[in-house]
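Trainee: I would like a close look at a single part of this structure. Please take one helix and its surroundings, and then one helix pair.

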Amino acid sequence: LMSNLAQAPSELEWIKGDPINLSQEFQKGEKVFVLEFWATWCPPCRQTIPHLTQLQKKFSKDVTFIGITTESASAAKGFVDKMGKQMDYHVAADPKHSAYTLYMNKYSCKGIPSAFVIDRFAKVAWYGHPADPQFEQAIIKAVSEQKLNLKELTDEKLREMSVKQLKEILKTHHVDATEAIEKGDLINLTKAKVLNTL
């Protein structure tokens with residue numbers, strides 16, 4: 001089974017917006033991310049730009065949109081600059097295909113535009129065409145799923161959680177839980193390896 005844990009691409013070159021350290025952001029889990037693969041030479045991609053700008057405005061508090069092209073930064077910059085406010089979200093170049101490999105190839109997406117919704121648990125919650133009505137639904141769902149405030153996890157709350165939920169927390173924090181047989185083991189592991197590091 002393929003893990004749907006989102007991986008942070010390296011070596012993105014930022015064309016628009018402040019650079020974002022995605023591996024840090026995925027760990028923090030404060031925001032939902034949309035990675036949208038596009039190119040200047042692709043008419044359907046150009047058609048979805050206003051829609052993405054509109055969604056970025058609508059969800060500005062919770063979601064960061066990043067348009068990613070495998071073209072060189074210099075090739076895309078002129079187009080992005082010309083679009084100005086019509087393309088009002090982060091844009092990055094992926095000349096070494098790092099992001100492309102981790103998303104487009106991994107999920108066997110054939111064409112662009114393709115968008116990936118990454119939730120606060122650093123999971124790929126949805127992927128597909130950004131014009132698909134389910135795209136916005138997936139964003140709404142990801143935004144509504146509040147990340148657990150681990151600092152508020154009392155012993156009592158840990159005991160109320162399901163084994164699946166406990167395993168999710170450990171997996172999100174890259175803790176190996178294969179040795180934890182009983183629920184009590186999972187709780188102890190969560191306390192030792194996750195809560196103590198906060």
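Mentor: What follows covers one helix, then the packing of two helices. The model is predicted, and the description below should be read with that in mind.

Start with helix α3, which spans residues 73-83. Its buried residues are Ala 73, Ala 76, Phe 79, Val 80 and Met 83. Viewed down the axis of α3, these buried residues fall within an arc of 135°, so they line one face of the helix. Ser 74 and Lys 82, on the other side of α3, are exposed. What does the buried set pack against? The partners are the strands β1 (13-16), β3 (63-69) and β4 (90-93), together with helix α2. Just after α3 comes Gly 84, which has a positive phi of about 50°.

Helix α2, one of those partners of α3, also packs with another helix. The axes of α2 (residues 43-58) and α5 (residues 133-144) come within 12 Å and cross at roughly 20°. Angles under 35 degrees count as roughly parallel, so α2 is roughly parallel to α5. The crossing of these two helices is right-handed. On the α2 side, the contact is made by His 51, Leu 52, Leu 55 and Lys 58; on the α5 side, by Phe 135, Glu 136 and Ile 139. Sorted by class, the contact of α2 with α5 has four nonpolar, one polar and two charged residues.

To put the two parts together: α2 is packed against by the buried residues of α3, and α2 also makes contact with α5 through residues that include Leu 52 and Leu 55.

Key
Residues numbered from 1 in each chain as written. Predicted model: local features only at pLDDT ≥ 70, side-chain atom pairs only at ≥ 80, totals over all residues. Heavy atoms only, no water. Axes fitted to C-alpha atoms, helices over the stretch in contact; angles between N-to-C directions. Helix = DSSP H or I, 4+ residues; strand = E, 2+ residues; numbered from the N terminus. Parallel < 35°, antiparallel > 145°, perpendicular 65-115°, else oblique. Left-handed = near helix turned anticlockwise from the far one by under 90°. Contact = heavy atoms within 4.5 Å. Nonpolar A, V, L, I, M, F, W, Y, C, P; charged D, E, K, R; others polar. Buried < 20%, exposed > 50% of the residue type's maximum accessible area, 1.4 Å probe, protein only. Arc of directions from axis to C-beta.
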